[in-house]
Amino acid sequence: RPIGRRDGGSRPQAEGPAPSLDVGPAMTARVRVMVVDDEEGIRFALKSFLELKGYAVTLADSCGEAEKLFRTTPVDLVVLDFGLPDGDGVELFTRLRAVDGFVPVVMLTAHGSIELAVRAIQKGMDQFLVKPVDLVSLGAVLEKVLEDHRARRRQLARRTRSCARSRNSRPRTTRVLPRSKSGAATCCWMRRSIALIARLLSKSR
């Protein structure tokens, strides 16, 4: 059922296999999601749904708590509300990205507007959803965001390997260091000495 409304509803049901995050060849780990919302009912509705989907979930109810947890707890994906008691979601997003510049973030808000959506996207927000949000739709959005994140990581890894191979394949060259002033003066004195000795030898013949 949609979240962000205060009506009743049945317990959300999980569908499909548990999501995982690629962390290396033949190695996967559960995706760790941090949910940030000041409404307890929404936090636990999202927690129940995401855990049924196979995610590991951490909860926070404010910007301060979210930032503290983000610095001390591994997080692969953040779902945050815009309106929080000690700040707004866009400000929190900026602080989280300062800690981890690649973490994907999805923002939920009951105050949807074109200006807010543009502000969020310009800051680099991965998705911007207006409450009430259907849980099935939210699950699909999170899977898409994670897949895009994996694709970016693979692309970055390929670029890194390509750059490393390019550096290793370059021919090694010997750098000729510039001659110092004292060295230049010595060479000049030696050339003059050799020329003087040659003139003296030619006269003695």
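In this predicted model, helix 3 (residues 89-99) and helix 4 (residues 114-123) pack with an angle of about 0° between them, and their axes sit 10 Å apart. The two helices are therefore roughly parallel to each other, since anything under 35 degrees gets that label. On the helix 3 side, the touching residues are V90, E91, F93 and T94, and they meet L116, R119, A120 and K123 of helix 4. Sorted by class, this contact has four nonpolar residues, one polar and three charged.

A second helix pair looks like this: helix 1 (residues 40-52) packs on helix 5 (residues 135-169) at about 60°, with 11 Å between the axes. That angle makes helix 1 oblique to helix 5, and the crossing is right-handed. Helix 1 brings L46, F49 and L50 to the contact, while helix 5 supplies L135, V136, L138, G139 and L142. Here the tally is seven nonpolar residues and one polar, with no charged residues at all.

Helix 1 also has dealings with the strands. It lies across strand 4, strand 5 and strand 9 (105-109), and runs at about 170° to strand 5. One of the residues of helix 1 is E51. With a relative accessible area of 37%, E51 is partly exposed, because the partly exposed class spans the range between 20% and 50%. The C-alpha atom of E51 is 9.6 Å from that of V33, although 18 residues separate the two along the chain.

Now for the sheet. Five strands make up an open sheet, ordered 5-4-6-9-10, with parallel pairing. Strand 5 and strand 10 (127-130) are the edges, each pairing on one side only. Ignoring direction, neighbouring strands of the sheet are turned against each other by 20° on average. In general, the strands of a sheet pair through backbone hydrogen bonds, in either a parallel or an antiparallel fashion.

Going through some of the pairings, strand 4 (residues 32-36) and strand 6 (residues 77-81) run parallel and are joined by four bridges. Within this pairing, V35 has V79 of strand 6 as its bridge partner. Strand 6 is in turn linked to strand 9 by four bridges, again in parallel, and D81 stands opposite L108 of strand 9. Strand 9 and strand 10 are likewise parallel and share four bridges. L108 turns up here too, with L129 as its bridge partner in strand 10.

How many residues of strand 9 are buried? The count is five of the five, so strand 9 is largely enclosed by the rest of the structure. Its side chains split between two directions: V105, M107 and T109 point one way, V106 and L108 point the other way, and all are buried.

Back at the edge of the sheet, the loop between strand 5 (56-60) and helix 2 (63-72) holds S62. Is S62 buried or exposed? Its relative accessibility is 13%, so S62 counts as buried, because the cut-off for buried is under 20%. Leaving aside residues up to four places away in sequence, S62 touches V36, P85 and D86. Of these, V36 belongs to strand 4 (residues 32-36).

How values were computed. Residues are numbered from 1 along each chain as its sequence is written. This is a predicted model: local features need pLDDT of at least 70, side-chain atom pairs count only at pLDDT 80 or more; totals for chains, interfaces and linings use all residues. Side-chain values use heavy atoms; hydrogens and water are left out. Axes are lines fitted to C-alpha atoms, for helices over the stretch in contact, and angles run from 0 to 180 degrees between N-to-C directions. Angles under 35 degrees count as roughly parallel, over 145 as roughly antiparallel, 65 to 115 as roughly perpendicular and the rest as oblique. A crossing is left-handed if the near helix is turned anticlockwise from the far one by less than a right angle, and right-handed if clockwise. Contact means heavy atoms within 4.5 Å. Ala, Val, Leu, Ile, Met, Phe, Trp, Tyr, Cys and Pro count as nonpolar, Asp, Glu, Lys and Arg as charged, and the others, Gly among them, as polar. Buried means under 20% relative accessible area, exposed over 50%, partly exposed in between (1.4 Å probe, protein chains only). Two strands pair if DSSP finds at least two bridges between them.
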